[in-house]
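Please find below some notes on the model, set out as numbered points. They go from the overall fold to single residues and end with the parts to read with care.

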Amino acid sequence: MALPTTDTIVTYPDGDVSSTGVVVHVEPVADGRSAVLLDTTACHPVDTAWPDQPADRGTLITAQGPLTIVDAVTGGVHDGDLHLGADLPVRTGTEGWTFVVAHVVDGTAPDVGQEVRVEVDRDHRAALSAGHTACHLAALALDHALAGAWTKEAPTDALGNPAFDSLAIASSRIHAFGSADTYRIGRSMRRKGFPPTALGCPRVAPGSAASPRAAPTSPAAARTSGASPTSAGSRSRSRRVR
Ligand SMILES: [Zn+2]
């Protein structure tokens, strides 16, 4: 079965939650499931290199009936091989690769050439979009709150504050109406002019005798953020500095 030579056209950045596409390849994967590649999809896959926003949930509507999309992953074709999800060794956009969205389904996969429909779970998408927006807003707020701590000039964020978030972030996991972000403040952050002590200061009450263990010298810190269901928005680009 020939592998695609053009990238999957993805329409989720425009807010699309349904799409019609043609099956271009079906790849058997673990547990008797199939990875279905389409020429076009509204389905947001998890990004292997920066898996912040989880995959959409949804349904693949085929001529044989509906199939639940149990996962959606990014794939890449190179030298006649298809690498899916965790097996994709390069970032999307790497020269010489074709990047695809793989819809993982249970049951009988549709044939290549068949036109199928993708219907994304709208409520789930909206909840993740809200979480993603909250994540970016909280990052800007964090950069602002820590702006005074820097001892050297640093790259700045969209609001002109030193970009603590993008410089120190280790991982970001978006969930419904929120996200959990982990930062690493090690030697490289100190070299850039961010003293780790700056993070803990607000927690130490004036005049209190903080023990050394409670002192703000931890190399990692975590932030969680949330949004109300009414603040739904859509962000589909990673904020990671590349
Ligand atoms: Zn983002």
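1. Helices and strands here are DSSP runs, numbered from the N terminus; a strand needs at least two residues. On that footing Leu-67 belongs to strand β6. Leu-67 counts as buried because it has 23 C-beta neighbours inside 10 Å, where the cut-off is 20 or more. Beyond four places in sequence, Leu-67 is in contact with Thr-59, Leu-60, Thr-62, Val-105, Asp-106 and Gly-107. The C-alpha atoms of Leu-67 and Ala-109 lie 8.2 Å apart, although 42 residues separate the two in sequence.

2. The model is predicted. Its average pLDDT over the chain is 86, and 82% of the residues score at least 70. The remarks on low-confidence stretches are kept for the last point.

3. Overall, the chain contains four helices and 12 strands. It has 242 residues, of which 33% count as buried. Among contacts with a separation of 6 or more, 67% join residues 24 or more positions apart.

4. Which residues have the most contacts inside the largest nonpolar core? They are Val-36, Cys-43, Ala-72 and Ala-102, in a core of 29 residues. At least two residues of this core come from each of β2 (18-28), β3 (34-38), β6 (65-78), β7 (81-84), β8 (98-105) and β9 (115-120). Strand β8 contributes the most, with six residues. A second core of 17 residues lies apart from this one and includes Leu-128, Ile-174, Phe-194 and Leu-199.

5. Strand β3 deserves a closer look. Four of its five residues are buried. It pairs in the antiparallel sense with β2 over five bridges, and also in the antiparallel sense with β8 over four bridges. In the pairing with β2, Glu-27 stands opposite Ala-35; in the pairing with β8, Val-36 stands opposite His-103. Leaving out residues up to four places away in sequence, Val-36 touches Val-23, Val-26, Leu-60, His-103, Val-105, Ala-109 and Pro-110.

6. Two aspartates have backbone angles worth checking. Most residues other than glycine have a negative phi. Asp-31, however, has a positive phi near 60°, and Asp-79 has a positive phi near 55°. Asp-31 sits in the loop between β2 and β3, where these strands form a hairpin with five residues between them. Asp-79 sits in the loop between β6 and β7. Are these two residues buried or exposed? Asp-31 is exposed, because its C-beta has 7 others within 10 Å, and Asp-79 is exposed, because its C-beta has 6 others within 10 Å; the cut-off for exposed is 12 or fewer.

7. Strands β10 (residues 169-175) and β11 pair in the antiparallel sense over six bridges. Ile-174, named above in the second core, stands opposite Ser-179 in β11. The two strands form a hairpin with two residues between them, and Phe-177 in the turn has a positive phi of about 60°.

8. What are the covered and uncovered faces of β11? This strand spans residues 178-184; Ser-179, Asp-181 and Tyr-183 make up the covered face, while Gly-178, Ala-180, Thr-182 and Arg-184 make up the uncovered one. In a regular strand the side chains alternate between the two faces of the sheet.

9. Helix α1 covers residues 122-145, 24 residues in total. It reaches 34 Å from its first C-alpha to its last, close to the 34 Å expected at 1.5 Å a residue. Its buried residues are Arg-125, Leu-128, Ser-129, Ala-130, Gly-131, His-132, Thr-133, Ala-134, Cys-135, Ala-139, Leu-142 and Asp-143. Of these, Leu-128 is also named above as part of the second core.

10. Which stretches have pLDDT under 50? One is residues 202-220, for which the model has 19 contacts beyond four places in sequence. Another is residues 227-238, for which the model has 28 contacts beyond four places in sequence.

Technical notes:
Residues numbered from 1 in each chain as written. Predicted model: local features only at pLDDT ≥ 70, side-chain atom pairs only at ≥ 80, totals over all residues. Contact = placed C-beta atoms within 7 Å. Core = buried A, V, L, I, M, F, W, Y, C linked by C-beta atoms within 7 Å. Pairing = 2+ DSSP bridges. Expected span 1.5 Å × (residues − 1). pLDDT = per-residue confidence, 0-100.
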